[in-house]
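Reader: Hello! I am new to this structure and would like a close look at one part of it. Please pick a single element and walk me through its surroundings.

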Amino acid sequence: MSFVCWRRSSVWKMLCYFIHNNGKVLTRGQLLDDVWGFEFYGDSRTVDVHVKRLRDKLGQSDFWSIRTVWRVGYKFERFDLPMDDADK
């Protein structure tokens, strides 16, 4: 799958990729191939390190999360903003 990200940093490319694939479980292999490219010769732990950096940079949020799917990869989820009574 092709996607465009305006940043060159791998951490921010990964964030763009997560947002583009909101709600989908992404394997470490998918992330390596689509964020770093087929020519990357690192291992899947590279993804884990970059996800940790991304979580550290973004901090906690009630509106999104990057969940670890054990033995598979990661899942980015964006939650809808709560509506005020006035907006109903």
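**Helix α1 and its neighbours**

Author: Let us begin where helix α1 meets helix α3: on the α1 side are S10, V11, W12, M14, L15 and F18, and on the α3 side are V47, H50, V51, R53, L54, K57 and L58. Contact here means heavy atoms within 4.5 Å. Sorted by class, the contact of α1 with α3 holds 9 nonpolar, 2 polar and 2 charged residues. In this sorting, Ala, Val, Leu, Ile, Met, Phe, Trp, Tyr, Cys and Pro are nonpolar, Asp, Glu, Lys and Arg are charged, and the others, including Gly, are polar.

Before we go on, please keep in mind that this is a predicted model, in which local features need pLDDT of at least 70 and side-chain atom pairs count only at pLDDT 80 or more, while totals for chains, interfaces and linings use all residues. Residues are numbered from 1 along each chain as its sequence is written, and side-chain values use heavy atoms, with hydrogens and water left out.

For orientation, the protein chain has 3 helices and 3 strands, arranged along the sequence as α-β-α-α-β-β. Helices (H or I, at least four residues) and strands (E, at least two) are DSSP runs, numbered from the N terminus.

Now to the angle between those two helices. The axes of α1 and α3 come within 9 Å and cross at roughly 85 degrees. Axes are lines fitted to C-alpha atoms, for helices over the stretch in contact, and angles run from 0 to 180 degrees between N-to-C directions. The two helices, α1 and α3, are therefore roughly perpendicular to each other; angles under 35 degrees count as roughly parallel, over 145 as roughly antiparallel, 65 to 115 as roughly perpendicular and the rest as oblique.

Helix α1 (residues 10-20) has a second helical partner, α2 (residues 28-36): their axes come within 10 Å and cross at roughly 115 degrees. That value makes α1 roughly perpendicular to α2. The crossing of α1 past α2 is right-handed, a word used when the near helix is turned clockwise from the far one by less than a right angle, with left-handed for anticlockwise. Here S10, K13, M14, Y17 and F18 of α1 meet Q30, L31, D34, V35 and W36 of α2. By class, this contact of α1 with α2 divides into 6 nonpolar, 2 polar and 2 charged residues.

Which residues of α1 are buried? They are V11, M14, L15, C16, Y17 and F18. Buried means under 20% relative accessible area, exposed over 50%, and partly exposed in between (1.4 Å probe, protein chains only). The buried residues of α1 pack against β1 (25-27), α2, α3, β2 and β3. In the chain as a whole, 32% of the 88 residues are buried.

M14 deserves a stop of its own. M14 sits in helix α1 and counts as buried because its relative accessibility is 0%. Leaving out residues up to four places away in sequence, M14 touches L31, V35, W36, V47, H50 and V51. One of these, H50, is 36 residues away from M14 in sequence, yet their C-alpha atoms are 8.1 Å apart in space.

Next comes F18. Not counting neighbours within four places in sequence, F18 is in contact with L26, L31, V51, L54, I66, Y74 and F76.

Both residues also appear in the largest nonpolar core, which has 17 residues; M14, F18, L31, V47, V51, I66 and Y74 touch the most other members. A nonpolar core is a set of buried Ala, Val, Leu, Ile, Met, Phe, Trp, Tyr and Cys residues joined through side-chain atoms within 4.5 Å. Two or more residues of this core come from each of α1, α2, α3 (45-58), β2 (64-69) and β3 (73-78). The largest share, 5 residues, belongs to α1.

For contrast, look at R78 in strand β3. R78 is exposed, with a relative accessible area of 52%. R71, in the loop between β2 and β3, also counts as exposed, at 85% relative accessibility.
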